[in-house]
Every structure is written in C-alpha cells, then in structure tokens.
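Work through the exercises below with the model open. Try each task before reading its solution.

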Amino acid sequence: MTLNALPTDEFAAHVIQVANSSTVVSNVVDYQITFALDNTNPAIKPGMTSAVTVTTAKADGVLNVTSSAVRTAGGSSYVLMMQPDGTTKQVDVVVGLKGNTTTEISGAIKAGDVVTLPVASIATATTTGTTTTRTGAGLGGGAAVFGGGGGGAFGGGAAGRG
C-alpha cells in the first residue's frame, strides 16, 4: 500500500474482510474491502488517500504468453504456434493464472516458441513469475473499494505481472 501523502513509503497490509454484498456504480461492481496495516506508523492518519495492490495468486517459473494469444473453443484452450516454414500449428494448452495482459499456460509449448496473435502480430513465450493483483484507490480509514465485474470477490480482470 502506498499513500499519496507519503509517496516514497510502502506499507504492508492484509485483507481482513470483503463485503458479502456489492454496489454498482456506473455499471461497475464494487466490493468494500477492509485492510489492516501490518505495522503502525504515526504518519498515517485516517482518511488518507492510498493505492493498494492485493496479490491474489502467484506462480514462479511458469510459461507466460500474451492473453490474446490464447484461444478457447469447445472448452479447450490452444495457441497457434509458428512453424519454421511460416505456417501455424494449433497446440493445445492448459491455462493457469490469467491476467489482463498475460496468461500462464502449460502443454506442448516451451519458452522461446513463437505464437501468433490476432491481426498478424507475434509473441514469444517466456518463462517468468506471474503475480495476479488487484489495484484499488482510497483507503479512507482502513477500507478500499475494488471494481470489476464477475470472477470472485475482487471483481473481474486480474492484472498479470511477469
């Protein structure tokens, strides 16, 4: 957690409560989340504006591709891997952690393989750590509101990092 009033300091906190019910503001589903600071600091005052990042899942040493490279049909996921002759081959994959920008995959694909993206772009599979996070603003005396629709208590659309 960071505070606008103390921009160079980071503070550890943990989630102690997620509201059972949501509110909808401008077609965005919000859940009230209450945090507890892991250590007290006299510089922190109730009502200070904050930015909070919540890690909901983490995987190290996994294969990551751009999310738009992963396609799903009939309940199965696959990527289109570029072959040496320039053609593409459908390769079935198992999807792990998903983010807004990257998705963890496993299967018959390895780091360095090239997969195709929509609109003729290409991406290279990389082995990295993946941390799924949510970012919200406004700690206001110990609570922050996170938005997004669907997909669990924190809303939809995790931010993949890796």
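Strands here are DSSP runs of E with at least two residues, numbered from the N terminus. By that numbering, S26 sits in the loop between β4 and β5. Keep in mind that the model is predicted.

**Exercise 1. The overall make-up**

Task: State how many helices and strands the protein chain has, and what share of its residues is buried.

Solution.
- Step 1. Count the elements: zero helices and 15 strands.
- Step 2. Apply the burial cut-off, under 20% relative accessible area. Buried residues are 35% of the 162 in the protein chain.
- Step 3. Check the surface. About 9000 Å² is exposed, and carbon and sulfur atoms supply 52% of it.
- Step 4. Check the contact range. Of the contacts with a separation of 6 or more, 63% link residues 24 or more positions apart.

**Exercise 2. The β4–β5 hairpin**

Task: Find which residues in the loop between β4 and β5 have a positive phi.

Solution.
- Step 1. Set up the pairing. β4 (residues 23–25) and β5 run antiparallel, joined by three bridges. V25 has V28 of β5 as its bridge partner.
- Step 2. Look between the strands. The hairpin has two residues there. S26 is in this loop, and N27 is also found in the loop.
- Step 3. Read the torsions. S26 has a phi of about 55 degrees. For N27, phi is near 65 degrees.
- Step 4. Set this against the general rule. Most residues other than glycine have a negative phi. Neither S26 nor N27 is a glycine.
- Step 5. Add the exposure. S26 counts as exposed because its relative accessibility is 68%. N27 is exposed too, at 76%.

**Exercise 3. The other partner of β5**

Task: Determine in which sense β3 and β5 pair, and over how many bridges.

Solution.
- Step 1. Locate the strands: β3 covers residues 13–18 and β5 covers residues 28–37.
- Step 2. Read the pairing. The sense is antiparallel, with five bridges. Q17 stands opposite T34 in β5.
- Step 3. Test it with A36, a residue of β5. A36 and H14 are 22 residues apart in sequence, yet their C-alpha atoms are 5.6 Å apart.
- Step 4. List the contacts of A36 beyond four places in sequence: A12, A13, H14 and I16.

**Exercise 4. The nonpolar cores**

Task: Identify which strands each supply at least two residues of the largest nonpolar core.

Solution.
- Step 1. Collect the core. It has twelve residues, including L63, V79, V93 and L117.
- Step 2. Assign them. β6 (50–66), β8 (76–82) and β9 (88–98) each give at least two.
- Step 3. Look for another core. One of ten residues lies apart from it, with F35, I44, M48 and V54 among them.

**Exercise 5. A buried serine**

Task: Decide whether S77 is buried or exposed, and find its polar partner.

Solution.
- Step 1. Place S77 in strand β8.
- Step 2. Compare with the cut-off. S77 is buried because its relative accessible area is 14%.
- Step 3. Find the partner. The side chains of S77 and T72 make a polar contact at 3.1 Å.
- Step 4. Survey the surroundings. Beyond four places in sequence, S77 touches residues including V70, V91 and V93.

**Exercise 6. The salt bridge**

Task: Find how many salt bridges the whole structure holds, and which residues form them.

Solution.
- Step 1. Search the structure: one is found.
- Step 2. Name the pair. D113 bridges to K110, with the closest N and O atoms 3.1 Å apart.
- Step 3. Compare the two ends. D113 is buried at 12% relative accessible area, whereas K110 is exposed at 54%.

Note on methods
Residues numbered from 1 in each chain as written. Predicted model: local features only at pLDDT ≥ 70, side-chain atom pairs only at ≥ 80, totals over all residues. Heavy atoms only, no water. Core = buried A, V, L, I, M, F, W, Y, C linked by side-chain atoms within 4.5 Å. Buried < 20%, exposed > 50% of the residue type's maximum accessible area, 1.4 Å probe, protein only. Helix = DSSP H or I, 4+ residues; strand = E, 2+ residues; numbered from the N terminus. Salt bridge = Lys/Arg side-chain N within 4 Å of Asp/Glu carboxyl O. Contact = heavy atoms within 4.5 Å. Areas by Shrake-Rupley, 256 points an atom, 1.4 Å probe, with all protein chains shown as cover. Polar contact = N/O pair within 3.5 Å; in protein donor to acceptor, adjacent residues only side chain to side chain. Pairing = 2+ DSSP bridges.
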